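Hi,

Here is the structure I promised to send over. Please open it alongside this email; my notes follow below.

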Amino acid sequence: MEVCQPLTKVANDSCPAIDQLQQKLTLLRQSNNPIQHFEDHENEIHSLFIQAEREILAEELQKLDINKASIEVNGVVYHQALRSYQTYQSAAGPVRVLHSLYRNAGDKCIVPLELKAGVVEGYWLPKAAKQAAWMVAQLPPADVKSLLDRNYSALSKGILQ
């Protein structure tokens, strides 16, 4: 008979977002406040996980960025024209990362991070783009906006603000 032991540590590589999630969950569980409304408790837990997901996505996106004076893509040389923060829409909500924009002699610009991640229209991460396209195909755009605003405002009312 094989016995499975629970993991006490997620992995050798520590992830700050997961560490913070674990700390906040521990504090939430240790609080002496009785649960008055389970929906509020549910929203707090969901907010913690969503925040961790956003932070992990930001860390992973940041790894895709290139910060060099110039790069070559398909034999064309591009020079760094701008380095700034950009907000991308993920399925877990907005994610903000530092990225570089490059321009070639013909004034064509590229953002390597966006090319590597498959960003749609300079804003949507792939999963969020698919979800938004599906929602707009099912509902009028105003209803989609209302749904997204409701979901994200519910998350922002959690304990993470």
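A hairpin takes β2 into β3 through two residues. Bear in mind that this is a predicted model. Next to that turn, S90 has G93 in β3 as its bridge partner. The β2 and β3 pairing is antiparallel and runs over eleven bridges.

β1 and β2 make a hairpin too, with two residues between them. In that turn, N74 has a positive phi of about 50°. Four bridges join these antiparallel strands, β1 and β2. S70 sits opposite H79 in β2.

On the other side, β3 (residues 93-103) pairs with β4 over two bridges, again antiparallel. Here R103 stands opposite C109 in β4.

Put together, the four strands give an open sheet, ordered β1-β2-β3-β4, with antiparallel pairing. β1 (70-73) and β4 (109-110) are the edge strands, each pairing on one side only. As a reminder, strands of a sheet pair through backbone hydrogen bonds.

Now the helix. α2 (residues 38-64) lies across β2 (76-90) and β3. It runs at about 10° to β3.

One residue to look at is H99, in strand β3. Is H99 buried or exposed? It counts as buried, because its relative accessibility is 6% and the cut-off for buried is under 20%. What does H99 touch, leaving aside neighbours within four places in sequence? Its contacts include L82, R83, S84, Y85, Q86 and Y88. D65, V111, L113 and E114 are also among them.

Best wishes

Definitions and conventions
Residues numbered from 1 in each chain as written. Predicted model: local features only at pLDDT ≥ 70, side-chain atom pairs only at ≥ 80, totals over all residues. Heavy atoms only, no water. Pairing = 2+ DSSP bridges. Contact = heavy atoms within 4.5 Å. Axes fitted to C-alpha atoms, helices over the stretch in contact; angles between N-to-C directions. Buried < 20%, exposed > 50% of the residue type's maximum accessible area, 1.4 Å probe, protein only.
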